[in-house]
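Welcome! Please take a moment to turn the structure around on your screen, and then we will walk through it together.

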Amino acid sequence: MTTYPLRLAMVGGGPGAFIGAVHRTAALMDGAFTLVAGALSSDHKKCQERAAEWGIAPDRAYASWQEMLTAEQALPEDVRAQVVSIVTPNHLHHEVAIAALDAGFHVACDKPLTTNSENAEAIAKAAAKSTGLFLLTHNYTGAPMVREARELIAQGESGPIGTVRKVYVEYLQGWLAEDLEASGQKQAAWRTDPKRNGPGGSLGDIGTHAHNLAEFVTGQRITRLLGSRRSFVDGRAVDDDAMALLEFEGGADGMLRCSQVCVGRENGLSIQVFGTKGGVEWRQEHPNDLTIYSADEGPVTRRTGNGYLSALAQSSARVPAGHPEGYLESFGNLYLEFADAIRTGGPMPDHLPSIEAGIRGVQFIEQVIASDDAGNAWA
Ligand SMILES: NC(=O)c1ccc[n+]([C@@H]2O[C@H](COP(=O)([O-])OP(=O)(O)OC[C@H]3O[C@@H](n4cnc5c(N)ncnc54)[C@H](O)[C@@H]3O)[C@@H](O)[C@H]2O)c1
């Protein structure tokens, strides 16, 4: 059996980057990983600078991800990295993922999986052939109360929600309400460039989170949608706002909204699911609360860290009730459970997002675009 800590290498996450530091914190949080190598930036100097801050040995701060994979593979088995985490802009995910999987590394990649279905299928093929496991870091699936919602809904008619009828999911932000990319702001610049981001702007960046949350919580796939997208900011090459009507395989329907032009909104991701007996509501800006609706009792709040929660929700919390846990810990849960699957030789638990969730996310972006292009036809 592989022992902890697992040796992690990172691609992306250089100075000023957003999610690389989140992945590092999450992976190291439980002692299951140690960060040993990186191709942290396309600029070698910046990579070296960040590597020094993060305690990566200078000779393992590589000039490119290609060099990193080759050099790490050549190291003795008990020294080389075992897992590669991919935290670059979207257009690089597939090349790095395929090369890493082909070389036998385990891969943790952020969403969206990639920029089109063809690339997504190619990653899936590489993963199927590889001895490496693949994790897609749809982090909200690691939140204890999201997992609680999923567990309650999975009980079907014998549970408090019953059979699912309606799903309302939204992710509202305001940070792209103006032409921020014109200022050179790095995160806005690549996210509004279809070459580096892919064709779906708000759709890829936050719509995929909403889509994944809806499928994860209900345990059902969306079978059809009717989509609409807009760019409110003049000259922007990708959507900054989108909506979709949804149909689910179990007969439910619903609505998804994602927007980056809702002035003043931060990370307003929320989901409400209503069934034949009751409903659930979760808001990521208050992640420790799950509201349960019923006809008899009115709204009741379940909270992280309590013994009345499902086993999965309980095991997903680190501290006693009343001490807030959130974004970082939800990533931490994914990394810890991924590490456990690697350590024990797999497979990954069903609730961990993998290639399948990644393909679904890319298809969602393409479906909304196809529906919008066809004059809002069902796709
Ligand atoms: N799950 C989430 O909540 C979440 C949140 C934010 C971003 N993301 C995803 O994470 C990824 C990165 O987003 P971000 O906001 O951190 O972007 P960012 O622009 O802040 O960081 C990207 C990093 O990749 C580096 N990079 C670019 N080209 C490279 C190359 N060839 N080799 C090595 N490094 C290279 C950049 O130098 C930078 O350090 C995206 O796929 C995004 O969708 C996910």
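Which strands does helix 6 lie across? Helix 6 (residues 144-154) lies across strand 6 (164-172), strand 10, strand 11, strand 12 and strand 13, and runs at about 165° to strand 11. Please keep in mind that you are looking at a predicted model.

The strands under helix 6 are a good way into the sheet they belong to. This is an open sheet of eight strands in the order 7-8-9-6-10-11-12-13, and its pairing is mixed. Strand 7 (222-230) and strand 13 are the edge strands, each pairing on one side only. From one strand to the next, the twist averages 15°.

Let us look at some of the pairs. Strand 6 and strand 9 (residues 253-259) pair in the parallel sense over seven bridges, and here Tyr171 stands opposite Cys258 in strand 9. Strand 9 also pairs with strand 8, in the antiparallel sense and over seven bridges; there, Leu245 is opposite Met255 in strand 9. The hairpin of strand 8 and strand 9 has four residues between the strands, and Gly251 takes a positive phi near 100° in this hairpin. Further along, strand 10 (residues 268-275) and strand 11 (residues 278-283) are antiparallel partners over five bridges, with Val273 standing opposite Val280 in strand 11.

Now follow the sheet to strand 13. Strand 12 (residues 289-294) pairs with strand 13 (residues 300-303) in the antiparallel sense over four bridges, and Asp289 faces Arg303 in strand 13 as its opposite residue. Five residues lie between the strands in this hairpin, where Gly298 takes a positive phi near 75°. Another helix meets the sheet at strand 7 and strand 8 (241-248): helix 12 (residues 355-373) lies across both, running at about 65° to strand 7.

There is a second open sheet to find. Its five strands have the order 2-1-3-4-5, with parallel pairing. Strand 2 and strand 5 (134-136) are the edge strands, so named because each pairs on one side only. Neighbouring strands of this sheet are turned by 20° against each other on average, direction ignored. Helix 4 packs on the sheet and touches strand 1, strand 3 (83-87), strand 4 and strand 5, while its direction makes about 160° with that of strand 4. Strand 4 (residues 106-109) runs parallel to strand 5, joined to it by three bridges, and Cys109 stands opposite Leu136 in strand 5.

Which residues of helix 3 are buried, and which are exposed? In helix 3 (residues 65-74), Trp65, Met68, Leu69 and Glu72 are buried. These residues cover an arc of only 95° around the axis, which puts them on the same side of helix 3. Glu67 and Ala74 are exposed on the other side. The cover over the buried residues of helix 3 includes strand 1 (6-12), strand 2 (33-39) and helix 4 (93-102).

Finally, let us look inside. The largest nonpolar core has 100 residues, of which Leu8, Ala97, Val107, Ala214 and Tyr335 touch the most other members. Domain 1 (6-139) and domain 2 (144-319 + 353-373) both give residues to this core, so it lies between them. For a closer look, try Ala97: leaving out residues up to four places away in sequence, Ala97 touches Ile86, Val107, Cys109, Ile123 and Ala126. In soluble globular proteins, nonpolar side chains tend to be buried together.

Note on methods: Residues are numbered from 1 along each chain as its sequence is written. This is a predicted model: local features need pLDDT of at least 70, side-chain atom pairs count only at pLDDT 80 or more; totals for chains, interfaces and linings use all residues. Two strands pair if DSSP finds at least two bridges between them. Helices (H or I, at least four residues) and strands (E, at least two) are DSSP runs, numbered from the N terminus. A nonpolar core is a set of buried Ala, Val, Leu, Ile, Met, Phe, Trp, Tyr and Cys residues joined through C-beta atoms within 7 Å. A residue is buried if 20 or more other C-beta atoms lie within 10 Å of its own, exposed if 12 or fewer, and partly exposed in between; C-beta atoms are placed from the backbone. Domain bounds come from an automatic or database domain assignment. Two residues are in contact if their C-beta atoms, placed from the backbone, lie within 7 Å. The arc is that of the directions from the helix axis to the C-beta atoms. Axes are lines fitted to C-alpha atoms, for helices over the stretch in contact, and angles run from 0 to 180 degrees between N-to-C directions.
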